[in-house]
Amino acid sequence: KLRQFRSHWITKDVNKSTVHSKTLYYEMQFIGRDHSITDIQAALGLSQLKKLKKFIKIKRKYAKIYTQEFKDMEEIICPEQPDNIFSSWHFYVIRLNIDKIAADRKDIIEALFKENIGVQVNDLPVYCNHCGQGSGYIKGSCPNAEKLYEEIIILPLFPAMSKNDVIDVVRAVKKAIS
C-alpha cells in the first residue's frame, strides 16, 4: 500500500487489476500523491543535513527561552519535555488557557499579526477536513481534539531567527494576552 501511495496508487500488477482486460498493466486504483523528490531537492536536502545538529541546537535554545518566559503565565500552557527526551522542536506550540483569557484565539492571533509575528495554527482534526467527509465522524465526535485545535497557536521557531526575534515574539505574545 505504501508503494502504491507514493506513486498515485498506481499498480502494474495485472492480478490486482479491477478492470477485466488482462492487457492493462498500469492502473490508478485510488487517488494518491507522488512524493518523490527531484535530484536538486535531494542535493539541497543532503547539504542541509550537514547543518542539522546546529539547527537543532539553535531551536532547542529558543524553545528553552519560550518555556522560561511563559512558564509562570497561567494563560499559557507550554509543551512539556522530559529531560531524557531530545526533541528537534519542529514546532513550538502554546496552548491557551481560554478560561484565563478575556479574548479568544482569533483575537490573539490577529493581535500577533499586528505585531508582525507570523504565528500559525495546527491542522484541523482529520474528519473536519474535506478529505474526512464521509468517514462517519461528525463535528463533536472527538470533542477533546476539537477543543485542543481551538486552543493552540504555533509560535515562530526556526534557525534563522535571532535571540532578539525570540524576545520580540515573547513580548508580542504577552502583550496580546494582556
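This is a short dialogue on reading the core and one helix pair in a predicted model.

Modeller: Ground rules: the model is predicted, local features need pLDDT of at least 70, side-chain atom pairs count only at pLDDT 80 or more, and totals for chains, interfaces and linings use all residues. Residues are numbered from 1 along each chain as its sequence is written, and side-chain values use heavy atoms, with hydrogens and water left out.

Biologist: How many helices and strands does the protein chain have?

Modeller: Helices (H or I, at least four residues) and strands (E, at least two) are DSSP runs, numbered from the N terminus. Here you get 6 helices and 5 strands, in the order α-β-β-α-α-β-β-α-α-β-α.

Biologist: Which residues have the most contacts inside the largest nonpolar core?

Modeller: Such a core is a set of buried Ala, Val, Leu, Ile, Met, Phe, Trp, Tyr and Cys residues joined through side-chain atoms within 4.5 Å; buried means under 20% relative accessible area (1.4 Å probe, protein chains only). This one has 30 residues, and Tyr66, Phe70, Tyr92, Ile94, Leu155 and Val173 have the most contacts inside it. Helix 6 gives the largest share, 7 residues.

Biologist: And which residues make the contact between helix 4 and helix 6?

Modeller: Contact means heavy atoms within 4.5 Å. Helix 4 brings Ile108, Ala111 and Leu112, while helix 6 brings Ala172, Val173, Ala176 and Ile177. By class, that's 7 nonpolar, no polar and no charged residues, where Ala, Val, Leu, Ile, Met, Phe, Trp, Tyr, Cys and Pro count as nonpolar, Asp, Glu, Lys and Arg as charged, and the others, Gly among them, as polar.

Notes:
Buried means under 20% relative accessible area, exposed over 50%, partly exposed in between (1.4 Å probe, protein chains only).
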